[in-house]
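Open the model in your viewer and show side chains as sticks. The tour moves from one selection to the next.

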Amino acid sequence: MLLSALATIYAGALITLFALGYFGFVWKTLVVPSLFLVAWLAGRFRGFVRDWSMFLGAIVLFDSCRGLIYTAIQRLDLPAYMSYVIDAERALFGGVIPSIALQQVLFADGQVGVFERVLVGVHASHFVVFLGFGLAVWLLRVRGFPRMALAFVLLTVLGLVGYLAVPTVPPWMAAQRFQVLSGLERISSEIYNISLPTLAKSFDLNPVAAMPSLHAAFPALLTFICFREFGRWGFAMLAYFLTVLFAIVYLGEHYVVDALAGIALAAFAYFLVYRWSGLKRLMDRAGQTAAGPAGPGSLYLPVAVTAGLLALTVFLGLASRGTTWRFVPTEAFIAAELEGRSPLASYYRALNAQRRGDHRRAQTLVAAAIPRILDSAIQLHALAVLAESAFHNGDFATAAAAFARQPTLTRRQRGMLAQARAAIATAPETH
């Protein structure tokens with residue numbers, strides 16, 4: 001009965017989050033039931049519920065917190081950063097950005113091949129691999145599982161603190177959205193947009209969560225633990241870790257500096273949990289409990305706490321409703337990070353002016369920005385901004401010309417174009 005209640009609560013939480021638009025988060029989390037199935041087949045289902053339920057509840061909660069942190073960044077108007085990590089990367093590599101250098105050599109033709117698809121798969125594996133490794137530890141080195149679980153919870157919390165303290169633009173965004181870097185493609189988005197566009201969109205619940213890189217931190221911590229628990233098998237995990245590092249840099253998802261910060265956090269979490277004497281007695285006792293039998297009475301507290309964690313996850317998902325999951329540069333970000341670095345500073349100022357209803361300023365700014373915009377999608381959007389702002393300013397000739405350059409128009413825009421053409425046709429001729 002108790003286990004059925006836990007399954008019902010878990011399924012209800014996933015359904016609710018799916019309804020709220022957390023598609024990618026839900027798909028990632030669907031791997032969890034397979035862990036329960038393996039535990040059941042191994043004849044250790046009760047022990048799994050006792051040892052894993054709170055850990056999984058915490059991981060699900062913390063993963064959903066990425067979106068909550070971005071909601072807080074938006075609503076509290078917290079600053080985001082970009083230039084510091086680019087400057088650090090260039091200082092570390094003699095003026096070279098490794099992501100750009102790798103793509104110039106390996107992605108020169110711009111064609112997505114098997115190599116890129118494999119690396120995108122490696123990049124996407126980070127949520128699944130640490131759970132699979134945790135299952136191996138629990139099945140084969142059960143006394144070491146509580147330490148591993150605590151280390152990952154601690155690492156995740158530290159990563160979330162980093163996301164909130166230093167919201168950082170990833171390299172692909174610096175290149176494609178802001179034109180601060182050149183010659184860098186977001187290869188993973190090309191693959192996802194062809195195969196799973198809705199899923200790809202929902203993964204980006206926090207578009208400025210580049211520092212630290214948990215994609216680097218998780219396999220780094222796995223490597224430390226694997227050497228400790230399984231000896232030479234640690235070299236296999238080290239190979240996976242190095243492949244992840246290469247993937248996240250080559251694909252333009254993270255700077256090397258992001259990865260180094262993630263590795264440092266992983267080392268700190270490992271040291272604290274595995275080397276700090278203050279936790280030794282507590283972890284030894286937790287290991288003994290994990291190795292012992294799991295009676296029905298031992299499940300009530302873990303299940304109750306897990307239910308509370310899942311309920312909190314749903315609540316936080318509700319609190320994040322209405323968040324725009326696309327990073328919108330503020331005036332402060334434009335002044336600090338784009339002015340003098342990017343030709344798009346005027347474009348983003350125009351967007352902010354348009355949102356405020358200052359159409360005259362928006363038209364002036366976006367008209368100056370359009371000739372310097374390299375990205376075709378951004379240029380089309382800039383033309384739409386020019387058309388709409390010119391329409392509101394009564395500059396119907398400019399509005400009609402800009403609307404005419406759009407490949408498709410919304411119903412509202414078609415109405416504006418028709419009104420602009422009608423106004424032009426009825427306007428008195430001037431000599």
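Start in helix 4 (residues 45-75) and select Phe48 and Trp52: being 4 residues apart, they are separated by about one helical turn. Keep in mind that this is a predicted model.

Look at the two rings. They are stacked, 5.0 Å centre to centre, with 15 degrees between the planes. Phe48 is buried, at a relative accessible area of 0%. Trp52 is buried too, with 0%.

Now widen the selection. Add Phe55, Trp138 and Phe145; with Phe48 and Trp52 they form one aromatic cluster. What lies over the face of Trp138? Select Arg44: it sits 4.1 Å from the ring centre.

Next, show Arg186 and Trp172. Arg186 lies over the face of Trp172, at 3.9 Å from the ring centre.

For another ring geometry, select Phe227 and Phe235. The ring centres are 5.0 Å apart and the planes meet at 85 degrees, so this pair is edge-to-face. Phe227 is partly exposed, with a relative accessible area of 31%. Across the whole structure, a search finds 22 aromatic pairs.

Turn to the charged side chains. How many salt bridges does the structure hold? There are 8.

Select Arg50 and Asp51. They form a salt bridge, with the closest N and O atoms 2.8 Å apart. Are these two residues buried or exposed? Both Arg50 and Asp51 are buried.

Move to Arg341 and Asp87. Their side chains meet in a salt bridge, 3.3 Å from N to O. This pair links distant parts of the chain, 254 residues apart: Arg341 is in the loop between helix 18 (331-338) and helix 19 (345-356), and Asp87 is in helix 5 (residues 83-92). Arg341 is partly exposed, at 33% relative accessible area. Asp87 also counts as partly exposed, at 37%.

Stay around helices 18 and 19 and pick Glu331 and Arg349. Their salt bridge has its closest N and O atoms 3.4 Å apart. Glu331 is in helix 18 and Arg349 in helix 19, 18 residues apart. Glu331 is partly exposed, with a relative accessible area of 31%, whereas Arg349 is buried, at 17%. Add Glu339 and Arg356 to see the network of salt bridges that links them with Glu331 and Arg349.

Finish with the cysteines. Select Cys65: it is buried, with a relative accessible area of 12%. Cys226 is buried as well, at 4%. Do not look for a disulfide; the structure holds 0.

Note on methods: Residues are numbered from 1 along each chain as its sequence is written. This is a predicted model: local features need pLDDT of at least 70, side-chain atom pairs count only at pLDDT 80 or more; totals for chains, interfaces and linings use all residues. Side-chain values use heavy atoms; hydrogens and water are left out. A disulfide is a pair of cysteine sulfur atoms within 2.5 Å. Buried means under 20% relative accessible area, exposed over 50%, partly exposed in between (1.4 Å probe, protein chains only). A salt bridge is a side-chain nitrogen of Lys or Arg within 4 Å of a carboxyl oxygen of Asp or Glu. Helices (H or I, at least four residues) and strands (E, at least two) are DSSP runs, numbered from the N terminus. Rings of Phe, Tyr and Trp (its six-membered ring) pair if their centres lie within 6.5 Å; planes under 30 degrees apart count as stacked, over 60 as edge-to-face and the rest as tilted. A charge sits over a ring if NZ of Lys or CZ of Arg is within 6 Å of the ring centre and within 35 degrees of the ring normal.
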